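Subject: Structure handover

Hello,

Here is the structure for your files. My notes on it follow below.

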Amino acid sequence: MRPVNIYNKRNKMAVNVDIVYKTVLLILNKEQRGNLSPDEFNKVATQVQLEIFEGYFDSLNQQLRVPDNNSEYADRIKNINENIATFKTIGPATFVGLVSGSYFNLPASSGLSSASQTITADGVSISYPITTITTAQLSSGTITVTINGLATTAFTINGPNISFTSIPPLNANIVIVSTPSDFYRLGSVIYKDSKEVQLSQRNELLYINSSPLIKPTETYPIYLFENNRLYIYPSTINSDITVSYVRKPADVVWNFIIPTGQNYYQFTATGSTNFQLTKNEQSNIILRILLYSGIVIRDPQVINIAAQQVQQEQMNSKQ
């Protein structure tokens, strides 16, 4: 059975990456403006998707300030919410118990496999090279480190190296794991599927804990959200935490093969990832990619035409 990308299964109304790429190439080549390689297209397409996605939240905030309408198909608040709804999800938070302070890691539901590396401490070095986890995985994933099975945060990662605040014991088993995360914006934190955990701030926590009347309990828990970690109070809560959140769209990938004896790229669905925006964004996507394509191929005329069209689209959507 052919493997199916998990992201393409999530949104059946996604914009087809092959159609977009071929449309962009058709426009560029018809006007003899040059070409855009698959690698260049993938990078530009991913950037364009993120720009449109992040724009939903600003647009929603703006529309909430003006009177709404009750039309069935032209309600802008409803339409923006529908665009965002594709990315709404829920998942379990993972408890990390530490002597110095426990916390919950945010859900990781990207569908991608975790990357890990096991190191045997030599009892002398305080720093070790990371060789089986890529720089991209280190920068974008949630990093957890255990020494002889015990979680620790007493480390820093600089480039492809991990450094500890003290020398790990001789022959200690060090396990580094990078878990891909698609977390973007936090929604609700829920305890035992029945209680909403209330957000608090660090300065408020000092006051709350000092008052027996409002001190957090398992019936009325609170949380702090710092450094992409959830600190749940009371500290007796160490499980049954779920989080609703908005996830990031997956990177766009137009994957290809080069047929034997040929010198052209042939699209293959295996390994490709469609745009996850709804189909009504297809023309917007193409316009924005053309805007970036003009920069890549250094054609100011393409940049100007595309920029004018994008600006007009934005003005129309906000009027």
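G91 stands opposite V243 in strand 16; the model is a predicted one. The pairing that holds this residue couple is between strand 2 (residues 88-92) and strand 16, antiparallel and over five bridges. Strand 16 covers residues 241-247. Strand 12 (residues 183-191) also pairs with strand 16, again in the antiparallel sense, and here there are six bridges. In that pairing Y245 of strand 16 is the bridge partner of L186. Strand 16 is mostly covered, with six of its seven residues buried.

The loop before strand 16

The loop between strand 15 (229-233) and strand 16 contains P234. The peptide bond leading from Y233 into P234 is cis, and its omega is near 10°. D240 is found in the loop between strand 15 and strand 16 as well. D240 is not a glycine, yet its phi is positive, at about 60°. Is D240 buried, or is it partly exposed? With a relative accessible area of 46%, D240 is partly exposed, because it lies above the 20% limit for buried and does not pass the 50% limit for exposed.

Strand 15 and its partners

How many of the five residues of strand 15 are buried? Five of the five are, so strand 15 is largely enclosed by the rest of the structure. In a regular strand the side chains alternate between the two faces of the sheet. In strand 15, R229, Y231 and Y233 point one way, whereas L230 and I232 point the other way, and all of them are buried.

Strand 15 pairs with strand 4 (residues 103-105) in the antiparallel sense, over two bridges. In strand 15, L230 is the residue that F104 stands opposite. Strand 14 and strand 15 also run antiparallel, and five bridges join them. Here L224 stands opposite Y231 of strand 15. The hairpin made by strand 14 and strand 15 has two residues between the strands, and in this hairpin N227 takes a positive phi near 55°.

The surface patch

Strand 14 (222-226) is preceded by a loop that starts after helix 6 (202-210), and I214 is found in that loop. Together with Y207 and L213, I214 forms a nonpolar patch on the surface, and the three have about 400 Å² of accessible area together. I214 itself is partly exposed, at a relative accessible area of 42%. A residue needs over 30% relative accessible area to belong to such a patch, so I214 at 42% meets that cut-off.

Two open sheets

Strands of a sheet pair through backbone hydrogen bonds, either parallel or antiparallel. One open sheet here has four strands in the order 5-11-7-8, with antiparallel pairing. Its edge strands are strand 5 (115-120) and strand 8 (150-152), each of which pairs on one side only. On average, neighbouring strands of this sheet are turned by 25° against each other, direction ignored. Strand 5 pairs with strand 11 (residues 173-180) over six bridges, in the antiparallel sense. In this pairing T118 stands opposite V175 of strand 11.

The other open sheet has three strands in the order 6-10-9, and the pairing is antiparallel. Strand 6 (127-129) and strand 9 (155-158) are its edge strands, each pairing on one side only. For this sheet, the average turn between neighbouring strands is 20°, direction ignored. Three bridges join strand 6 to strand 10 (residues 161-164) in the antiparallel sense. P129 stands opposite N161 in strand 10.

The loop between strand 10 and strand 11 holds N171. N171 is another residue other than glycine with a positive phi, near 65°. At 55% relative accessibility N171 counts as exposed, because exposed means over 50%.

The chain as a whole

The protein chain has eight helices and 19 strands. Of its 319 residues, 37% count as buried. The accessible surface comes to about 18500 Å², and carbon and sulfur atoms account for 52% of that. Among contacts between residues at least 6 apart in sequence, 69% join residues at least 24 apart.

Regards

Technical notes. Residues are numbered from 1 along each chain as its sequence is written. This is a predicted model: local features need pLDDT of at least 70, side-chain atom pairs count only at pLDDT 80 or more; totals for chains, interfaces and linings use all residues. Side-chain values use heavy atoms; hydrogens and water are left out. Two strands pair if DSSP finds at least two bridges between them. Axes are lines fitted to C-alpha atoms, for helices over the stretch in contact, and angles run from 0 to 180 degrees between N-to-C directions. Patches are made of residues with over 30% relative accessible area and no salt bridge: like charges are joined within 9 Å, nonpolar side chains (Val, Leu, Ile, Met, Phe, Trp, Tyr) within 5 Å. Accessible areas come from the Shrake-Rupley method with a 1.4 Å probe; for residues, only the protein chains shown count as cover. A salt bridge is a side-chain nitrogen of Lys or Arg within 4 Å of a carboxyl oxygen of Asp or Glu. Buried means under 20% relative accessible area, exposed over 50%, partly exposed in between (1.4 Å probe, protein chains only). Contact means heavy atoms within 4.5 Å.
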